[in-house]
Amino acid sequence: MSPSVPPSATLEPGRARQADGTLAPETEAHPHFTVRRVQFAWDEVPVGWLPDDPVAAQVMNVLHVLLPPGEKWFVEVYREVLPLIEDPLLRREMKAFMGQESVHGRTHAGFVEHLDARGYDTAPLAWRLERTVEIATRWGRRTIGVRRTQGMLVATIAGIEHYTAVLGEWALVSPVFDRSDPTMADILRWHGAEELEHKCVAFDVMNEVTGGSYLWRLAGYMMASFQMARLWPICTDHLIDRDPALQHLTPKQRRREIWRSFRRRNLPGRELALPLLQYFRPQFHPSDHETLALARTFLVTSPAVRAIPATTSAASPSATENEPTSEQVAS
Ligand SMILES: [Fe+2]
Ligand SMILES: [Fe+2]
């Protein structure tokens, strides 16, 4: 556990209360995290927001396109499995997780509107993800039953959350965002930092729902990896096809440019291999790797977090139907 976690400006005092009413100390496995309703203005942000590597920017823009439907789906699944969770601390963490993911999805949707206004027509990409989830869920319920399907879904979400935690840490330490548009750097690092704050929740939920099954963990990770590997190239091609500065590139030239972006470390590559492989360790838990101090160090300096008006703290009313109410988050 990290003893060096700086105090959080957004610590939610009602959380992690012990039986005697005192606050449980914050730990890597159980941080006190809350919902930050950040806002970004996209008008001045170029679609190719990494000036020296617009191809890498388009590869990362896939995140913006897939996150709104993906994170909305996380919240829907968690609403369904919440009654299965008995541990009161994990229930509270799930609700805060749902709140953070709702805000993430809504915030990235702002950039997606920005893309669509410039002719990127991203709706078919979101539809692909929604359709994949719908088919997998329907297939699961028919063939393995509702309960096992819930296990499959939460294991897949836990697998995706391992990716988002690893990518979040990369976003916080990579110098690539020091050269990018500052608004884009802020949203990706803010999101990455919150992914690190709640990185244990999906893993713990999976263990509760599946009884700690290692096989379900592996199956979920495989499912998450396969779907990301399938969808990412489709989405990247779709965006590059509509980018006036890049659409002339042939498929071979695109692959070469993307490979070059990896080699220049503008895209995350080899450095992710070891953290991603850690998930296969039978005794793995996300809290094994300490990242809370890194996340908090960024969050206290993030321009978007610092700009949040006091009236839109975690105690303010829910902003979307997917976002838990303030009572849910705090209960
Ligand atoms: Fe997220
Ligand atoms: Fe997340």
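**A walk through an all-helix chain**

Right after helix α3 comes Gly145, and its phi is positive, near 95°. That is one small detail of a predicted model. Start with α3 itself. Its 21 residues should span 30 Å at 1.5 Å a residue. The C-alpha atoms at its two ends are 30 Å apart, so expectation and model agree.

Trp139 sits in this helix, α3. Is Trp139 buried or exposed? Count the other C-beta atoms within 10 Å of its own: there are 12. A residue with 12 or fewer counts as exposed, so Trp139 is exposed. Look also at Thr149, ten residues from Trp139 along the chain. The C-alpha atoms of Trp139 and Thr149 are separated by 8.7 Å.

Now step back to the whole chain. It has twelve helices and zero strands. Read from the N terminus on, the elements run α-α-α-α-α-α-α-α-α-α-α-α. The chain has 331 residues, and 43% of them count as buried. Next, take the contacts with a separation of 6 or more. Residues 24 or more positions apart account for 80% of these.

Move on to α2, which covers residues 88-117. This helix has 30 residues. From its first C-alpha to its last it reaches 44 Å, close to the 44 Å expected at 1.5 Å a residue. Gly119 follows α2, with a positive phi near 90°. In the loop between α2 and α3 you also find Asp121. Asp121 is not a glycine, yet its phi is positive too, near 45°. Asp121 has 13 other C-beta atoms within 10 Å, so it is partly exposed.

Stay with α2 for one more residue, Thr107. What makes Thr107 buried? It has 22 other C-beta atoms within 10 Å. The cut-off for buried is 20 or more, so Thr107 is buried. Which residues does Thr107 touch, not counting those up to four places away in sequence? They are Val38, Phe40 and Ile187. His191 is 84 residues from Thr107 along the chain, but their C-alpha atoms are separated by 9.5 Å.

Next, the interior. The largest nonpolar core has 41 residues. Ala56, Val59, Val62 and Ala193 have the most contacts inside it. Several helices each give two or more residues to this core: α1 (54-81), α2, α3 (123-143), α4 (146-173), α5 (182-197), α7 (214-241) and α10 (292-299). The largest share, nine residues, comes from α1. Another core lies apart from this one. It has 30 residues, among them Val75, Tyr78, Ile157 and Ala202.

Go back to Ala193 for a moment. Leave aside its neighbours within four places in sequence. Ala193 is then in contact with Gly168, Leu172, Ala295, Phe298 and Leu299.

Now see how two helices meet. α4 and α7 pack at an angle of about 65°, and their axes are 7 Å apart. The crossing of α4 past α7 is right-handed. On the α4 side, the contact is made by Gly151, Met152, Ala155, Thr156, Ala158, Gly159, Ile160, His162 and Tyr163. On the α7 side, it is made by Trp216, Arg217, Ala219, Gly220, Tyr221, Met223, Ala224, Ser225 and Met228. Sort the residues of this contact by class: eleven are nonpolar, six are polar and one is charged.

Two loop residues finish the tour. Arg265 lies in the loop between α8 (251-263) and α9. Its phi is near 65°, a positive value in a residue other than glycine. Arg265 has 15 C-beta neighbours inside 10 Å, so it counts as partly exposed. His285 is in the loop between α9 (273-277) and α10. How many other C-beta atoms lie within 10 Å of His285? There are 15, so His285 is partly exposed. Lys199 is 86 residues from His285 in sequence. In space, C-alpha to C-alpha, His285 and Lys199 are 9.7 Å apart.

Note on methods. Residues are numbered from 1 along each chain as its sequence is written. Chains are lettered from A and ligands numbered from 1 in the order in which they are written. This is a predicted model: local features need pLDDT of at least 70, side-chain atom pairs count only at pLDDT 80 or more; totals for chains, interfaces and linings use all residues. Helices (H or I, at least four residues) and strands (E, at least two) are DSSP runs, numbered from the N terminus. The expected span of a helix is 1.5 Å times one less than its number of residues. A nonpolar core is a set of buried Ala, Val, Leu, Ile, Met, Phe, Trp, Tyr and Cys residues joined through C-beta atoms within 7 Å. Two residues are in contact if their C-beta atoms, placed from the backbone, lie within 7 Å. Axes are lines fitted to C-alpha atoms, for helices over the stretch in contact, and angles run from 0 to 180 degrees between N-to-C directions. A crossing is left-handed if the near helix is turned anticlockwise from the far one by less than a right angle, and right-handed if clockwise. Ala, Val, Leu, Ile, Met, Phe, Trp, Tyr, Cys and Pro count as nonpolar, Asp, Glu, Lys and Arg as charged, and the others, Gly among them, as polar.
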